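Got the model loaded in your viewer? Keep the selection box handy and we'll hop from stop to stop.

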Amino acid sequence: MNYISRARELGGDIAAHRHYLHQHAELSYQEKETTAYLVEQLEKLGIPVKRFDDYTGCIAIIQGGKPGKTVMLRADIDALPIQENSGVEFESIHPGVMHACGHDCHAAMLLGAAQLLWESREELSGTVKLLFQAAEEVFVGSHYYWDKGHLSDVDAALGMHVWPDLPSGTLAVIDGPIMASCDNFTITVHGVSAHGSQPNNGRDAIVAASAIITNLQTIVSRVDDPLHSLVVSIGTIKAGTQFNIITDTAVMSGTVRTHSPEARALVEPAMRQIVQGTAQALGCTAEVEYNYLEPPVINADTALNTIARTAAAKVCGQENVRSCTPAMGSEDFSYLMEKIPSSLFAFLGCWDEEAGCVHPVHNEKFRINEEILPLGAAQYAQFAADYLEQSAGGEA
Ligand code: NI
């Protein structure tokens, strides 16, 4: 099948899917109307779809006409707690909930890909699983489908995100890291309270916390290899009750991002050492709670990346297959990538000044030029068909 030309024919349907999903934006784990709509559309086409009694999202399964491997295509489906102000006609009808990260586009594109692959199923050498994934925005939504065994037969996988750093009409597939890990931590400092005029009678948790904040930056500047990308940020600090009281408790939370598994591994022990040593030096104690959420997104299988780039050239033209700089944001597809080593993540450009699409993701004004939707649908389908063909020994 000529996927891009069929995808363009289906452009109106794909946009209509997106409008429905955008209007019915739902938060992580609450994607009930979204899941019902996806299941209904897939079943209307006759595509077998697996849904779950205890979880949102669904998996469509398309068996090809010829035997072969199993490839998984993934779209996330959840929205964000943001009051929409994008000015589109199909604004979210759910107050305070908006598809500001383009997951409505991803789901609509994957529905389009499902139709493309279903129509061409006799040509396919193997099986395509299309995962409509819940709860990406809360870092762990992807775990369920793997942990429950629904993806254990998958040989290769592709995830994709609309990306405002790249112009509309382009696709980027790069080798190596493309998005960062995301971990978080909470530090609690314990001191001794006293009157604000008599600091010598207390142990000031705020002063200890301040020193800890400053010293933590030495993990980036003095502990880690300077050639790694690494961010250690404190996002919240809560301490004290009144201006004239030396407080005995300070609680801080923050996040750690890196593209490097080595850097990721050294942060927690370095943080514990710095936090405890600094607190102790100032007569306080402190504890660290450290949570590993998402590994970095690393396109490690260069042969698979080549298949995706070749597919992208068929979809949007060689001149529109771009490189890009890795992002420090994170993406929970990385959990599935760890489990399915032959996997990759791609960016679909959505910046378009003329169409007013100039806002970053997670912004209340975020919008896209819908002409990119058929490109995304075709990229999913073309990649799946080409991967199955090549892995069955044919020429893609
Ligand atoms: Ni997103």
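Select Y55 and show everything around it: beyond four places in sequence, Y55 has contacts (heavy atoms within 4.5 Å) with Y29, A134, A135, V140, G141, Y144 and Y145. Before going on, note that this is a predicted model, where local features need pLDDT of at least 70, side-chain atom pairs count only at pLDDT 80 or more, and totals for chains, interfaces and linings use all residues. Residues are numbered from 1 along each chain as its sequence is written, and side-chain values use heavy atoms, with hydrogens and water left out.

Staying on Y55, draw a distance from its side chain to the backbone oxygen of G141: you should get 2.9 Å. Y55 sits in strand β2 (residues 55-63); strands here are DSSP E runs of at least two residues, helices are H or I runs of at least four, and both are numbered from the N terminus. Is Y55 buried or exposed? Its relative accessibility is 16%, so Y55 counts as buried, the classes being buried under 20% relative accessible area, exposed over 50% and partly exposed in between, with a 1.4 Å probe on protein chains only. For a sense of scale, the C-alpha atoms of Y55 and T70 are 23 Å apart, with their positions 15 residues apart along the chain.

Next, pick E137, in the loop between β4 (125-133) and α5 (143-147). What is the nearest side chain of opposite charge to E137? That is R74, 9.1 Å away, and E137 is buried without a salt bridge. For charges, Lys and Arg count as positive, Asp and Glu as negative, and His and the chain ends are not counted; a salt bridge needs a side-chain nitrogen of Lys or Arg within 4 Å of a carboxyl oxygen of Asp or Glu. The side chain of E137 does make a 3.4 Å polar contact with that of H362. Such a contact is a pair of N or O atoms within 3.5 Å; within protein, one must be able to donate a hydrogen and the other to accept it, and residues adjacent in sequence count only if both atoms are side-chain atoms.

Keep H362 selected and add C101, M179, G329 and S330: these five are the closest to the centre of the largest pocket, among its 17 lining residues. Strand β5 (residues 156-167) gives the most to that lining, with four residues.

Now for the salt bridges, 12 in the structure. Select E119 and R6, whose closest N and O atoms are 2.7 Å apart. E119 lies in helix α4 (residues 103-119) and R6 in helix α1 (residues 3-9), so this pair ties together parts 113 residues apart in sequence. Then try D104 and R18, bridged at 2.9 Å, N to O. D104 is in helix α4 and R18 in helix α2 (residues 11-23), 86 residues apart, and both D104 and R18 are buried.

Go back to R74, which pairs with D76 at 3.7 Å, N to O. Both of these residues are buried, and salt bridges that share partners join R74, D76, E331 and D332 into one network.

Last stop: L388, in helix α10 (residues 373-391). L388 is buried, at 0% relative accessible area. Colour its contacts beyond four places in sequence, and K69, T70, V71, L124, S125, G126, T127 and V128 light up.

Terms used
1 Å grid on protein atoms, 1.4 Å probe; cavity = no way out; pocket = protein on both sides within 12 Å on 5 of 7 lines; lining within 4 Å.
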